[in-house]
Amino acid sequence: IAVFVWGGLFWVYAEIISATAFDIEFMPEVIFEGGFGYLFKVITAIYSFFIILFVAALPAVVFRGIFLPENGDYKWAVLPFVLLGALIVPIAVLTVSISRDITILFRYDQYIGPIKKAFWHYLFVVGLFAAACQLQMLTKNYGDVSGKSNAVIAMHLVITMSVQIIIIFAMRTAGLFYRHFACY
């Protein structure tokens, strides 16, 4: 169930970015298209998200695999590449949401232009993505609070819904970044 829910959320997030990027001011209409239609969208969204994470983590993995010995404690040397990966994730999500093409993710030169030309604006988008991700990790699953009182369950539900509003704001901001800096 968690895979279907997260896949659906990733799909809706991509739709929000795409709608915002192409001047649609209203939230996109979510049509699940029945069982197999929803299943296809979930599988596509999860596959896209894992490819995005793979592309973002690739520089750190390559650097560690080539330059660092196996038994050494050089984790600090990989940190700049991990930060680079965190910097790449929002524009990779934006790229996949707009183009619906996974192969463009491996063109790192496509990321450099917009990031370089509008660095501070993009850093704001990255900050929103990081804050939304961190807040989502802090929320508890229903299984963690299922034995608690109804007030505690309601409080966690309100917190989870509030985090989703922040995530939607972050996705809309990514779409606005594309709308304003697509020329780069």
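This section describes the overall fold, the surface and the nonpolar core of a predicted model.

The secondary structure of the protein consists of seven helices and zero strands, giving the pattern α-α-α-α-α-α-α when read along the sequence. The C-alpha trace spans about 50 × 45 × 35 Å along its principal axes. Among contacts between residues at least 6 apart in sequence, 73% join residues at least 24 apart.

Of the 184 residues of the protein, 38% count as buried. The exposed area of the protein is about 11,600 Å², of which carbon and sulfur atoms supply 72%. With regard to charge, the protein carries 11 positive and 10 negative side chains; the centres of these two sets lie 6 Å apart.

The largest nonpolar core contains 38 residues, of which Ile17, Leu105, Tyr111, Tyr122, Phe129, Met171 and Phe177 touch the most other members. Two or more residues of this core come from each of α1 (2-21), α2 (34-67), α3 (75-99), α4 (109-117), α5 (119-138) and α7 (150-181). The greatest contribution is that of α3, with nine residues.

Tyr111, one of the core residues that touch the most other members, was examined further. When residues up to four places away in sequence are not counted, Tyr111 touches Val55, Ile88, Ile91, Ala92, Thr95, Ile104 and Leu105. Among these partners, Leu105 is likewise listed with the core residues that touch the most other members.

Conventions: Residues numbered from 1 in each chain as written. Predicted model: local features only at pLDDT ≥ 70, side-chain atom pairs only at ≥ 80, totals over all residues. Heavy atoms only, no water. Core = buried A, V, L, I, M, F, W, Y, C linked by side-chain atoms within 4.5 Å. Buried < 20%, exposed > 50% of the residue type's maximum accessible area, 1.4 Å probe, protein only. Helix = DSSP H or I, 4+ residues; strand = E, 2+ residues; numbered from the N terminus. Contact = heavy atoms within 4.5 Å. Areas by Shrake-Rupley, 256 points an atom, 1.4 Å probe, with all protein chains shown as cover. Lys, Arg positive; Asp, Glu negative; His and termini not counted. Charge placed at Lys NZ, Arg CZ, Asp CG, Glu CD.
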